[in-house]
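Open the model in your viewer and keep the selection panel at hand. The tour goes from the whole chain to single pairs of residues.

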Amino acid sequence: MNRAETHFFFASCPRGLEAVLVNELTSLNASHLLAVDGGVHFKGPLELCYAANLHSRVASRVLWRVARAAYRNETDIYEQCHRLPWPTWFDCQRTLRVNVSAIKASVKSLDFITLRIKDAVCDVFRSHGGQRPSIDTHNPDIRVHAFLTATELTVYIDTSGDPLFKRGYRREAGEAPLKENLAAGMIYLSGWSPGRVFLDPFCGSGTLLCEAALMSAHQAPGLHRSFAFEKLHSFDPSAWSQQKKMATDQQTTIDPDTLLGSDLRGDAISMARANLDSLGFVDAVSLKQANFFEFPPPASSGILVANPPYGVRMEDRESLASFYPKLGDTLKKRFSGWTAYILSSDPQLAKGIGLAASKRTPLFNGALECRLFEYKMIAGTMRRIKADKTSNPTTPAPNTNNPT
Ligand SMILES: C[S@@+](CC[C@H](N)C(=O)[O-])C[C@H]1O[C@@H](n2cnc3c(N)ncnc32)[C@H](O)[C@@H]1O
């Protein structure tokens, strides 16, 4: 990767967050943005790849595209990869892993393709100087990703290393923790901004709170971790230090009394506290052990974002059948003035809430297809809602969730 040139990159993300990722990359001055299922293609200089790794809260990885070519068979794939100048990109002492994924590829075995690409890389190194990189499938220095369609091969070098949702703050994980980048994406989709009240009353190990705290403090999520681009020959330590310094300088303190979390279980609160503590934010977030159905709202308005238990991973469906109506009742009776964003994978249980969602955004929690439901708990009377509806026809129609 040459500093003066522009390059093509692909940032992957949880499905459903592509538009959010486009916004993030646009704010980093990426060009040629193209969102596809599960990620965004973009273009820019070397520094942009550093910035995307450092600042993106929703990307999972940033891949640098090193080749794109037509292929017909396994031999073509080997030859295309054998043509690439691997030793100009990284040292033979680096350990290597090759990953292959495909959609409708015209090859028999992806394992065989993985082997052939690995052979091509190692053969180039051997003919170059005698030594070849060794393979490490668990913790490699360099990850090569190949993506096949029916006719086209694309080869990438991963610039992230550990996936970007591994921010390095998670000391403890509860039963069903959200991935950090999905949590950040949910917060973006809620429209919350620092300074406003943010509540997660089902906080578990506190992922949403940690992400909201990082946003409030304007802290880049990648500030305290390392990246695979540091192991490439093109790595420019002074450009990287400069970016980290700029990111450090833009940090601010968190507005007091704006971030609040609670959970029924004391062990969950301890986990959330440990995770916030590892970020240095434990004093900036108010945590308490509480049953959501029993505590009064901590403010007259705010944004509630949560993934309450849902049937697949935590509680059984029968107990959840009574849980969701109670959740709906509590929101309706106590949380007027608030907007709630609830992630659920179960349309039946979401119906049980008994509130009309003003928005449903499809999101994937790993392989689990979910919806992020928006409930606007409008304060005031129906007459007021009707008046608002008439005065601003572009506003999504308020539901009848207001207490009358
Ligand atoms: C899916 S987990 C949340 C995971 C969390 N977002 C994370 O990333 O770690 C759901 C949480 O809801 C909590 N919970 C269940 N019923 C509750 C209730 N009535 N009031 C408050 N918390 C409750 C559980 O203890 C559990 O920690």
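Two strands count as paired if DSSP finds at least two bridges between them. That rule is needed at several stops below. The model is predicted.

**Stop 1: the whole chain.** Select everything and colour by secondary structure. The chain has 12 helices and 14 strands. Its radius of gyration is 24 Å, close to the 22 Å that the globule rule gives for 404 residues, so the chain is as compact as a globular protein of that length. Along the principal axes, the C-alpha atoms fill a box of roughly 75 × 45 × 45 Å.

**Stop 2: surface and interior.** Turn on the surface. About 18300 Å² is exposed, and carbon and sulfur atoms supply 50% of that area. Of the 404 residues, 52% count as buried. Now colour the charged side chains: 46 are positive and 40 are negative, and the centres of the two sets lie 5 Å apart. Where along the sequence do contacts come from? Among contacts between residues at least 6 apart in sequence, 77% join residues at least 24 apart.

**Stop 3: strand 9.** Select residues 259–263, which form strand 9. Are these residues buried or exposed? Five of the five are buried, that is, each has under 20% relative accessible area. Show the side chains next. Leu259, Gly261 and Asp263 point one way from the strand, while Leu260 and Ser262 point the other way.

**Stop 4: the neighbours of strand 9.** Add residues 198–200, which are strand 8; this strand pairs with strand 9 in the parallel sense over three bridges. Within this pair, Phe198 stands opposite Leu259. Then add strand 10, residues 285–289, which pairs with strand 9 over five bridges, also in the parallel sense. Here Leu260 has Ser286 as its bridge partner.

**Stop 5: strand 14.** Hide the earlier selections and pick residues 368–376, which are strand 14, together with residues 338–344, which are strand 12. These two strands pair in the antiparallel sense over six bridges. To find the pairing on screen, label Ala340, which stands opposite Tyr375 in strand 14. Next select strand 13, residues 359–365, which pairs with strand 14 in the antiparallel sense over seven bridges. Pro362 has Arg371 in strand 14 as its bridge partner.

**Stop 6: the turn.** How many residues lie between strand 13 and strand 14 in their hairpin? There are two, and in this hairpin Gly366 takes a positive phi near 65°. Label Gly366 to end the tour.

Methods. Residues numbered from 1 in each chain as written. Predicted model: local features only at pLDDT ≥ 70, side-chain atom pairs only at ≥ 80, totals over all residues. Heavy atoms only, no water. Helix = DSSP H or I, 4+ residues; strand = E, 2+ residues; numbered from the N terminus. Rg over C-alpha atoms; globule rule 2.2 N^0.38 Å. Buried < 20%, exposed > 50% of the residue type's maximum accessible area, 1.4 Å probe, protein only. Contact = heavy atoms within 4.5 Å. Areas by Shrake-Rupley, 256 points an atom, 1.4 Å probe, with all protein chains shown as cover. Lys, Arg positive; Asp, Glu negative; His and termini not counted. Charge placed at Lys NZ, Arg CZ, Asp CG, Glu CD.
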